[in-house]
Amino acid sequence: MKAITQESGVFNDGPLTSYLTNIMNEKGPIKRKFMVSAVDVNTGTYVLFDEKNVTTYAEQVKAVVSSSSMPFIFPNQQWSNLHDVLMDGGTVYNTNLVSAVQRCRE
């Protein structure tokens, strides 16, 4: 019951964070253009992450985890430097093909 009333998500996202961190440590940072999205819980702002605004391993991992933080299932992600609290971008814009096509054109 505590997970429902006192937490932002029922399940722990620690295994995903650990898995992605291990991959980044083994393979290095993402070297290609990429884009993931999340939503600012407080404002509803759609936030795009790419290699220009998340450059460290930790930021890249946190961006991917933020993008996959489905409301009430996995906890929201705290960002101190960009936004307050982020969750899955699909809650606002399901499949963002426009940004994907724009990135390919770059």
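Helices (H or I, at least four residues) and strands (E, at least two) are taken here as DSSP runs, numbered from the N terminus. The model is a predicted one, so local features need pLDDT of at least 70 and side-chain atom pairs count only at pLDDT 80 or more, while totals for chains, interfaces and linings use all residues. Residues are numbered from 1 along each chain as its sequence is written, and side-chain values use heavy atoms, with hydrogens and water left out.

On that footing, the protein comes out with 4 helices and 4 strands. Read from the N terminus, the elements go α-α-β-β-α-β-β-α. Of its 106 residues, 31% count as buried, where buried means under 20% relative accessible area, exposed over 50%, and partly exposed in between (1.4 Å probe, protein chains only). The exposed surface comes to about 6,900 Å², with carbon and sulfur atoms supplying 58% of it; these areas come from the Shrake-Rupley method with a 1.4 Å probe, and for residues only the protein chains shown count as cover. Taking contact as heavy atoms within 4.5 Å, 58% of the contacts between residues at least 6 apart in sequence join residues at least 24 apart.

Now to the sheet. The 4 strands make an open sheet in the order S2-S1-S4-S3, with antiparallel pairing. S2 and S3 are the edge strands, each pairing on one side only. Two strands are said to pair if DSSP finds at least two bridges between them. S1 and S2 share 5 bridges and form a hairpin with 5 residues in between, where Gly44 in the turn shows a positive phi of about 80°. On its other partner, S1 is joined to S4 by 3 bridges, and S4 is paired with S3 (residues 77-78) over 2. Val39 has a bridge partner in both directions: Tyr46 in S2 and Met87 in S4. For Gln77, the partner in S4 is Leu86.

S1 is mostly covered, with 5 of its 6 residues buried. The largest nonpolar core holds 9 residues, namely Phe34, Val36, Ala38, Val47, Phe49, Val54, Ala63, Trp79 and Leu86. S1 (35-40) and S2 (46-50) each supply at least two of them. Such a core is a set of buried Ala, Val, Leu, Ile, Met, Phe, Trp, Tyr and Cys residues joined through side-chain atoms within 4.5 Å. Leaving aside residues up to four places away in sequence, Val36 touches Val47, Leu48, Phe49, Ala63, Val64 and Ser67.

One charged residue deserves a look. Asp88 lies in S4 (residues 85-88) and is buried, yet has no salt bridge (a side-chain nitrogen of Lys or Arg within 4 Å of a carboxyl oxygen of Asp or Glu). Its nearest side chain of opposite charge, Lys62, is 15 Å away, with Lys and Arg counted as positive, Asp and Glu as negative, and His and the chain ends not counted. Beyond residues up to four places away in sequence, Asp88 touches Ala38, Val39, Ser66, Ser67, Ser68, Ser69, Met70 and Pro71.
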